[in-house]
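A protein chain is easier to follow when it is taken one region at a time. The reader is invited to keep the sequence and the structure in view while going through the paragraphs below.

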Amino acid sequence: MKRKHDNGFPSRDAIVAFVRANPGKIGTREIAREFGLKNADRVELKRILRELADEGTVAKRGRKIHEPATLPPTVVADITGRDTDGELLATPTEWDTEENGPAPKIRIHVPRRPQPGTAAGVGDRALMRIEKLDEGDGALYRGRVIKVLDHARTRLLGIFRKAPGGGGRLVPVDKKQAGRELNIAPSDTGGAEDGDLVSVDLVRARGYGLASGKVRERLGSLSSEKAISLIAIHAHEIPQAFSPSAVREAEEAQPANLKGREDWRDLPLVTIDPPDAKDHDDAVHAAPDPDPNNRGGYIVHVAIADVAFYVRPSSALDRDALTRGNSVYFPDRVVPMLPERISNDLCSLVPGEPRGALAVRMVIGPDGRKRSHSFHRVLMRSAAKLHYAQAQAAIDGRPDDTTGPLLEPILKPLYTAYALVKLARDERDPLDLDLPERKILLKADGSVDRVVVPERLDAHRLIEEFMILANVAAAEMLEKKALPLIYRVHDEPTQEKVHNLQEFLKTLDLPFAKTGALRPALFNRVLGQVRGEDYEPLVNEVVLRSQAQAEYSAENYGHFGLNLRRYAHFTSPIRRYADLIVHRALIRALGLGEGALPETETLETLSEVAAQISVTERRAMKAERETADRLIAHFLADRIGATFQGRISGVTRAGLFVKLSDTGADGLIPIRTLGTEYYNYDEARHALVGSRSGAMHRLGDVVDVRLVEAAPVAGALRFELLSEGQIIPRGRKRDGSKAQAKPSKSHPGRSPRDKVRKPHKSKSGKAKPGKSKKGKSWKR
């Protein structure tokens, strides 16, 4: 019997109660079915759900509706302490306090006989399965530890510097610890040499002077920039060595043959990668569709390295790969997810060699839309290894000895097929942010040569769109076969972030009228309006910060940025564990032979894997970013006093973060150095505004700065502002919607009467370095 209100429509309380009883499992369709609502009633239901969301009574995650700020069934959490009864308490690791308020507490249930690897303590980070409790309990959730991911940090990591009379000091590598050195007695150096990266146990912390430490382990010499990435590797505990059993399995692996495979060796697939790529896990081919019912259409083949053939479930290789979660890329090295015997040899689709692959054949219509697809386990042979600029040069009329023979039979059909796919892509209208990525090029000695922004070519876009098509096909196939999988998901922006973006755009007289469902096209219209304007980078940055962060999940709530209902990672199993899971699921779903996803892998277990590899992905991103910061800080360390141009990349109550135009280096201008007047933090404008002069420094402003200090070990830079601020006319409204700001004639950021204030110094007489702050990013 369906429950309805007296007027035939369910009450708001009834809808909320149903949502609370089914957290994260229902959407509009399920609510309508529960209360027996017909199509004509759904408009009213959607209106009520919008009202409930605006009030904060319910929240929408993709197409699922749940209680606001609730946690998923599986979560990574940090154990923070104990309650009065001695039970462990934890909070979720990934929690946005600005958006959701204080993090909920998780009371940890410890069984009498805990499983191996689940014994956790204060300071540990653990993967947990949780359930909601009554709010009167004091802890909102009860958790059970599935696996301890990281034990409490009882040591500090840093660079050992020898003292003249023996002993030395530790220079911490953490930006948060920059300037807080440790004293190390002669008897506690552990044989460390000057410049060694060391792990130190804290011996004594005092209220005055330097704290003391004892060298526990020497981790390597940092005498050159070649070793800079070691800091991030050890700081984030990224595994470098494979287990002996995994190495043995890799060495004993035999190349794939035709057994259980289709023979695609005569199909001229090619790889197109960066010029320095060492593993090649995807190859492509396109040809006109001979089917008369698809005139003008194309058949696109995408072949992906068959990693699942070599890395079997529960094997040593599999355990090591899951622990790593993904490969980590530094300017000077790669920490791979799989041993080189697998990643650079047996699975790499090198030219002329037979290689096992899991391939998808996609039929593309003349409108660019995918009409059908099929998956195949094949033996292929790459016809050529190309890099992006090489392929693009051939299409642009500059073929070389390699691409000349491939131009007509292979490259031109690929580009023609891409032109069709681009039609459908433009119609889909995914989020179109202009965010140039910098690449650090090193000299032979490992020091920074220069920082470049590689040109974005059609060759890049071609491969990207074909990979997206293949990823969508994989998700569609597994959903059709009703198999569990790990999705790549990207939630839509929250109501609060959309509201903040609206308020900011008002200050630029840019409309952002949200009507109906939130779509990427709404953001693209704004980005299109500012294209070519001085504040284009500013708007791109603020739109980026309004977005959620992509992640892995066994629950599908779509990919907002790509504007796709379902999406999974399938095309890079050499470097991402999520793709390996999707390969195994396809093998199981289609009966393609060995290496299939075990029957024991359920939605529950895949939720645990998704949570774990989402954490390893963020760990890799942070390690890569910190290494780039350290390399650039080393590069700029001998240029103290030099002036640079940059853009304000972050505005906080602590000061301004500036990204330099030529290197992309980030540094801080502390608010105390802006002048003697008080500066107000204007959140709506993303600006600091002088209380007397009205001088405004806003996110995205182009500024000139002087480098005051560089801390290479921590990757921290501190700047002094040289540019003038902009003056807000006294009669201007708080939302900044009318009068235009104009440059101040006074010293930058100061009123005419203000005196120049020297940079603040620590007790040691050295200026304190700042720290970099970067916005979140969404990834495909």
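The following paragraphs begin with the chain as a whole and then turn to its strands and its helices.

The structure shown is a predicted model. The protein chain contains 16 helices and 35 strands. Of its 780 residues, 50% are buried. Another general description concerns the contacts between residues with a separation of 6 or more: in the protein chain, 67% of these contacts join residues 24 or more positions apart.

The strands may be considered next. As general background, strands of a sheet pair through backbone hydrogen bonds, either parallel or antiparallel. In this model, five strands form a closed barrel in the order β3-β4-β5-β7-β6, and their pairing is mixed. On average, and with direction ignored, neighbouring strands of this sheet are turned by 50° against each other.

One pair from the barrel can be examined in detail. Strand β4, which covers residues 88-92, pairs with strand β5, residues 106-108, in the antiparallel sense, and two bridges connect them. Ala-90 has Ile-106 of β5 as its bridge partner. Pro-92 also lies in strand β4. Is Pro-92 buried or exposed? Its relative accessibility is 5%, and Pro-92 therefore counts as buried, since the term buried applies under 20% relative accessible area. When residues up to four places away in sequence are not counted, Pro-92 touches Leu-71, Val-75, Val-76, Ala-77, Ala-103, Pro-104 and Ile-106. A further position to locate is Leu-127, which is 35 residues from Pro-92 along the chain; the C-alpha atoms of the two are separated by 9.8 Å.

A second pair of strands is found later in the sequence numbering, where strand β29 (residues 679-682) and strand β30 (residues 687-690) run antiparallel and are joined by four bridges. Within this pair, Asn-680 stands opposite Val-689 of β30. The two strands form a hairpin with four residues between them, and in this hairpin His-686 takes a positive phi near 55°.

Attention now passes to the helices. Two packed helices are described by the angle between their axes and the distance between the axes. Three such pairs are discussed here.

For helix α12 (residues 495-506) and helix α14 (residues 536-545), the axes come within 9 Å and cross at roughly 165°. Angles over 145 degrees count as roughly antiparallel, and α12 and α14 are therefore roughly antiparallel to each other. The crossing of α12 past α14 is right-handed. Which residues of α12 and α14 make the contact? On the side of α12 they are Lys-497, Leu-501, Phe-504 and Leu-505, and on the side of α14 they are Leu-538, Val-539, Val-542, Val-543 and Arg-545. Sorted by class, the contact of α12 with α14 comprises seven nonpolar residues, two charged residues and no polar ones.

The remaining two pairs share helix α15. Helix α11, residues 458-480, and helix α15, residues 577-590, have axes that come within 10 Å and cross at roughly 45°. This angle makes α11 oblique to α15. The crossing of α11 and α15 is left-handed. Ala-474, Met-477 and Leu-478 of α11 meet Val-582, Ala-585, Leu-586, Ala-589 and Leu-590 of α15. By class, the contact of α11 with α15 has eight nonpolar residues, with no polar and no charged ones.

Helix α15 also meets helix α7, which covers residues 316-324; the axes of α7 and α15 come within 9 Å and cross at roughly 135°. Here too the angle makes α7 oblique to α15. The contact involves Asp-318, Ala-321 and Leu-322 of α7, together with Tyr-577, Leu-580 and Arg-584 of α15. The residues of the contact of α7 with α15 divide into four nonpolar and two charged, with no polar residue.

One residue of helix α15 deserves separate inspection, namely Asp-579. With a relative accessibility of 0%, Asp-579 counts as buried. Which residues is Asp-579 in contact with, leaving aside its neighbours within four places in sequence? They are His-569, Phe-570, Thr-571, Ser-572 and Pro-573. Ala-568 is 11 residues from Asp-579 along the chain, and the C-alpha atoms of these two residues are separated by 7.8 Å.

Methods: Residues numbered from 1 in each chain as written. Predicted model: local features only at pLDDT ≥ 70, side-chain atom pairs only at ≥ 80, totals over all residues. Heavy atoms only, no water. Axes fitted to C-alpha atoms, helices over the stretch in contact; angles between N-to-C directions. Parallel < 35°, antiparallel > 145°, perpendicular 65-115°, else oblique. Left-handed = near helix turned anticlockwise from the far one by under 90°. Contact = heavy atoms within 4.5 Å. Nonpolar A, V, L, I, M, F, W, Y, C, P; charged D, E, K, R; others polar. Pairing = 2+ DSSP bridges. Buried < 20%, exposed > 50% of the residue type's maximum accessible area, 1.4 Å probe, protein only.
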